[in-house]
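Below is a short briefing on one structure. It covers charged pairs, a helix and a surface patch.

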Amino acid sequence: MTPFRYHSFDLRQLVSFAEIARTGSYRGAAKTLHVAQPALSRQIQNLEAALGIALFDRAPRRLRLTVEGRELVTRLPAFFAHLEQLTDAAKSAARGGIGHLRIGEAGVIATELLAPVLRTLRRERPDLRLSFHQNTSQGFFDDLLQDKIDCAFTLLPPTHTELASLRLLSLEVGVVLPPGHPLAKRPEIPLEMLRAESFIFAPRNANPVLYDEIIGCCHRAGFSPRIIDEVSPRPRVISQVACGIAIATLIESLKHLCIGGTTYHRLVRPVPKITCYVAYRQHDSSALLRALVDLCRKRAKEKF
């Protein structure tokens with residue numbers, strides 16, 4: 001991106017020039033702008049000096065635009081209109097009317113909560129722009145502190161004093177079995193019954209909270225899982241389960257990913273769970289962000 005630079009003329013001078021061109025005289029422009037005529041003349045002289053061009057032919061008792069002046073005056077209406085749009089957009093964004101939300105989202109609650117919340121928000125604000133970013137929970141906290149995103153849906157509450165969070169919901173973790181597995185007819189599977197199975201996990205650095213929760217639940221069930229591979233993304237994991245290589249765990253809200261004859265089953269005794277939060281900067285004044293958080297709170301309260 002090209003660096004911005006200061007110009008030696010200002011908006012007041014451009015408005016004065018445009019009004020002189022519109023009225024055809026300094027006197028007429030001074031009257032409509034409520035500016036003394038000598039002050040108006042100085043503004044135009046300063047504008048011409050800054051641009052290095054003459055804007056008017058100064059013949060006696062006649063005011064005529066130069067070629068350069070005509071070119072400038074034809075472009076100014078679009079420029080002023082853009083300034084008005086810019087001002088209106090900024091004011092509207094402050095009220096939450098339009099704007100841009102940068103959302104950190106790891107995919108775990110998109111179906112359950114985020115998708116319906118964003119649909120509601122976009123119905124209320126059809127001009128809303130959204131962008132999505134991927135990271136770990138800790139990575140999202142760093143992104144928030146560096147103002148790279150506006151909010152993040154995480155599996156941990158932030159500990160930094162500049163960040164706030166709202167607890168949204170807890171999601172259960174189940175197991176995906178390959179076609180023809182002996183336990184495939186059971187809707188619920190006690191975790192201890194999987195002690196002899198081989199597991200495919202997602203890499204711990206991709207989701208350390210989920211990884212540690214599953215390991216901890218296996219330990220409480222009396223065994224350590226035999227992990228034969230760590231694979232991502234999730235569809236690739238499911239594909240390997242479909243080949244009969246091993247079994248895998250999956251958050252319930254993502255069970256629609258089961259393909260190739262694989263089946264999702266709830267785990268019990270214990271039930272692995274992860275808690276989801278929306279995190280944001282403590283003193284962010286954005287009305288748009290507040291609207292998103294309020295909708296998340298309402299949705300979580302109604303559904304979970």
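At 42% relative accessibility, Lys255 counts as partly exposed (buried means under 20% relative accessible area, exposed over 50%, partly exposed in between, with a 1.4 Å probe and protein chains only). The model is predicted: local features need pLDDT of at least 70, side-chain atom pairs count only at pLDDT 80 or more, and totals for chains, interfaces and linings use all residues. Residues are numbered from 1 along each chain as its sequence is written, and side-chain values use heavy atoms, leaving out hydrogens and water.

**Salt bridges**
- Lys255 forms a salt bridge with Glu252 at 3.9 Å, N to O (a side-chain nitrogen of Lys or Arg within 4 Å of a carboxyl oxygen of Asp or Glu).
- Glu252 is partly exposed, at 34% relative accessible area.
- Arg102, Asp147, Asp150, Arg281 and Asp284 are joined into one network by salt bridges that share partners.
- Within this topic, Asp150 and Arg281 pair at 3.5 Å, N to O.
- That pair links distant parts of the chain, 131 residues apart, and both residues are buried.
- Arg22 and Glu19 also meet in a salt bridge, at 2.6 Å, N to O.
- Arg22 is exposed, with a relative accessible area of 59%, whereas Glu19 is buried at 14%.
- The whole structure holds 13 salt bridges.

**Helix H9**
- Helix H9 (residues 287-303; helices are DSSP runs of H or I, at least four residues, numbered from the N terminus) has 17 residues.
- Buried residues of H9 include Leu288, Leu292 and Cys296.

**Phe79**
- Phe79 lies in helix H4 (residues 67-94).
- Phe79 is partly exposed, with a relative accessible area of 37%.

Definitions and conventions
Helix = DSSP H or I, 4+ residues; strand = E, 2+ residues; numbered from the N terminus. Expected span 1.5 Å × (residues − 1).
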